[in-house]
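Please look through the structure below, beginning with its metal site and going on to the interface between its chains.

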Amino acid sequence: MTEHPTTAEQIDLDRLRSGDKAAFAQVVELYADRLYNLALKVSGDPFEAEDILQEAFISAYKNISRFEGRSNVGTWLYRITYNTALMRQRKKQPDTVSIDEPVQIDSGDMLPRQFFDWCCIPEKDLLTGEAIEYMGEAIQLLPESLKPVFILRDIEGLSTAEVGDTLDISTAAVKSRLHRARLFLRERLSEYFAERAAA
Amino acid sequence: MDKHTHHHEGGSSCHELLEGLSLYLDGDAEESLCREIEYHMKDCENCRVVVNTLAKTVELYHEHGKTQMPQEAKQRLFIALDLGDYMSSSE
Ligand SMILES: [Zn+2]
């Protein structure tokens, strides 16, 4: 039985780079949940998320000697996982919009329309199982260019710089896309909670 | 939030402040912007709602937006990666 690390600092990068299986197993154990969360939300499909993760980790293991340690292991793996998810998606739907393309939403679309104030409803009333499910569906409605930014920054809690590094976009782009994603989701949740309150 | 560029006395419009709201919530806004937003919110119910529900949206996703990988899926992953020997049995 291996000792499983609880933090990224405990991973032995030299052993990892030399292809040591035990060190790699520690990395898989440490990051599987986080990467699964990204893969699931990008793809919207648990089976696809599993396949993405397998493919991403295989690719990470193959390229492990090229891991420079410039970024941390986490952002490196997020990047591989996200790119794997995109490649698989493009194979299935070749006309998918990429993260590099300009954000298609103009500021007019971002103007708030819902002013139902649900912020102070106690969480036990607010967060039914159905509401949590709806939160997941709302993420699937996000434009492709905004989705990974929101997942990595607000759900996974990466820093703005780490998100930029992972997705190869500037920190200014991270901030503006994050803001658009938040406004978009606020609108969806407000619609949902307003409708529920009216029912 | 008023779609028409509605200015409150001496203040900024809802539209003008919208862009800076995430910076404000993340504590990344300049002090002058913070003051402007706070001054505006005193008189603008819609912007208060937007700021509060925007903050709550971020909080809900941060606290409840993560999906754990099912244990069986994790086992399949370890086996597919030929790491079956290293699988954690403690969880
Ligand atoms: Zn206003």
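Which protein donors does the zinc ion have? They are C14(B) through SG, H40(B) through NE2, C44(B) through SG and C47(B) through SG, at 2.0 to 2.3 Å from the ion; donors are N, O and S atoms within 2.8 Å of the metal (3.2 Å for Na, K and Ca), and water is not among the atoms, so sites may look incomplete. This is a predicted model, in which local features need pLDDT of at least 70 and side-chain atom pairs count only at pLDDT 80 or more, while totals for chains, interfaces and linings use all residues. Residues are numbered from 1 along each chain as its sequence is written, chains are lettered from A and ligands numbered from 1 in the order in which they are written, and side-chain values use heavy atoms, without hydrogens and water.

The 4 donor atoms make angles of 102 to 113 degrees, and the zinc site is tetrahedral (all angles between 85 and 135 degrees). Along the chain the donors are spaced as C-x25-H-x3-C-x2-C.

Chain A and chain B meet through 51 residues of chain A and 45 residues of chain B (contact means heavy atoms within 4.5 Å). About 4500 Å² is buried between them, with 64% from carbon and sulfur atoms; this is the accessible area (1.4 Å probe) that two parts lose on being put together, summed over both.

Across this interface there are 6 salt bridges (a side-chain nitrogen of Lys or Arg within 4 Å of a carboxyl oxygen of Asp or Glu). E50(A) forms a salt bridge with R76(B), and their closest N and O atoms are 2.7 Å apart.

Key:
Tetrahedral: all angles 85-135°; square planar, octahedral: opposite > 155°, others 65-115°.
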